[in-house]
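Please walk through this protein chain with me, starting from its aromatic rings. Keep the structure open as you read.

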Amino acid sequence: NTWLPRDTNYLTERIYERAARVMGIDEDLFQKYHDSSPHHHSIAESLQVVRYKQNGEEYQPHHDFVYPSINHRFQPTRFATLLLYLNDVPVGGETRFPRAVNNYNANGLEVQPKAGRAVLFYNILGGTG
């Protein structure tokens, strides 16, 4: 598990640009200009890269939404998550959404890992007020 900032290299830069296009967000909002200004701070975290080496390694079910720490007031609130699969996995490795409900299934959703596949989900749903 490691974190890669946008400016790590050409590839990470392209990933941020493409993620912005997929989500319909101005990619400049994913650019960190400098730490001291609330007017020029990225709404995106660094990329989290996870590699599973052994059978049985996993993330337990959890909510991906987080509130920023009071000590890090410019840290973004994670309103959406974009998972990118870098490898094919012949057995196991599914990403499960145990509480997902749609028109076809009320018993959760499971995504099989496949190189090049992506999953976008929103951690905060807007309401009407």
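Rings of Phe, Tyr and Trp, the last through its six-membered ring, count as a pair if their centres lie within 6.5 Å. Planes over 60 degrees apart make the pair edge-to-face, and planes under 30 degrees apart make it stacked. The model here is predicted. How many aromatic pairs does the rule give? The count comes to 2 aromatic pairs.

Take Y16 and F30. Their ring centres are 6.3 Å apart and their planes stand at 75 degrees, so this pair is edge-to-face. Y16 sits in helix α1, residues 10–23. F30 sits in the loop between α1 and β2 (47–49). The pair therefore ties together parts that are 14 residues apart in sequence. Are these two residues buried or exposed? Y16 has a relative accessible area of 5%, so Y16 is buried. F30 also has a relative accessible area of 5%, so F30 is buried.

Now turn to F97 and F121. This aromatic pair is edge-to-face too, with 5.0 Å from centre to centre and 75 degrees between the planes. F97 belongs to strand β4 (residues 95–97), and F121 belongs to strand β6 (residues 118–122). The two are 24 residues apart, and the pair links distant parts of the chain. F97 has 17% relative accessibility, so F97 counts as buried; the cut-off for buried is under 20%.

Next, the wider layout. The protein chain has 1 helix and 6 strands. Along the sequence they follow the pattern β-α-β-β-β-β-β. Consider the contacts between residues at least 6 apart in sequence: 54% of them join residues at least 24 apart. Of the 129 residues in the chain, 20% are buried. The accessible surface comes to about 10300 Å², and carbon and sulfur atoms account for 52% of that surface.

Which residues make up the largest nonpolar core? This core has 7 residues: Y16, A19, A20, M23, I25, F30 and A80. Both partners of the Y16 and F30 ring pair are therefore members. Helix α1 gives the largest share of the core, 4 residues. A80 has contacts of its own to follow. Setting aside neighbours within four places in sequence, A80 is in contact with M23, L120, F121, Y122 and N123. There is also a second, separate core of 5 residues, which includes Y85, V111, V119 and F121. F121 is thus part of this second core, and F121 is also a partner of F97 in the ring pair.

L120, one of the contacts of A80, leads out to the surface. L120 is placed in strand β6. At 31% relative accessibility, L120 counts as partly exposed. L120 joins V22 and Y122 in a nonpolar patch on the surface. Together the three have about 260 Å² of accessible area.

One last stop is V66. Where does V66 lie? V66 is in the loop between β2 and β3 (80–84). V66 has 26% relative accessibility, so V66 counts as partly exposed. Not counting residues up to four places away in sequence, V66 touches T77 and R78. V66 and N123 are 57 residues apart along the chain, and 9.0 Å separates their C-alpha atoms. N123 has appeared before, as one of the contacts of A80.

Key:
Residues are numbered from 1 along each chain as its sequence is written. This is a predicted model: local features need pLDDT of at least 70, side-chain atom pairs count only at pLDDT 80 or more; totals for chains, interfaces and linings use all residues. Side-chain values use heavy atoms; hydrogens and water are left out. Buried means under 20% relative accessible area, exposed over 50%, partly exposed in between (1.4 Å probe, protein chains only). Contact means heavy atoms within 4.5 Å. Accessible areas come from the Shrake-Rupley method with a 1.4 Å probe; for residues, only the protein chains shown count as cover. Patches are made of residues with over 30% relative accessible area and no salt bridge: like charges are joined within 9 Å, nonpolar side chains (Val, Leu, Ile, Met, Phe, Trp, Tyr) within 5 Å. A salt bridge is a side-chain nitrogen of Lys or Arg within 4 Å of a carboxyl oxygen of Asp or Glu. A nonpolar core is a set of buried Ala, Val, Leu, Ile, Met, Phe, Trp, Tyr and Cys residues joined through side-chain atoms within 4.5 Å.
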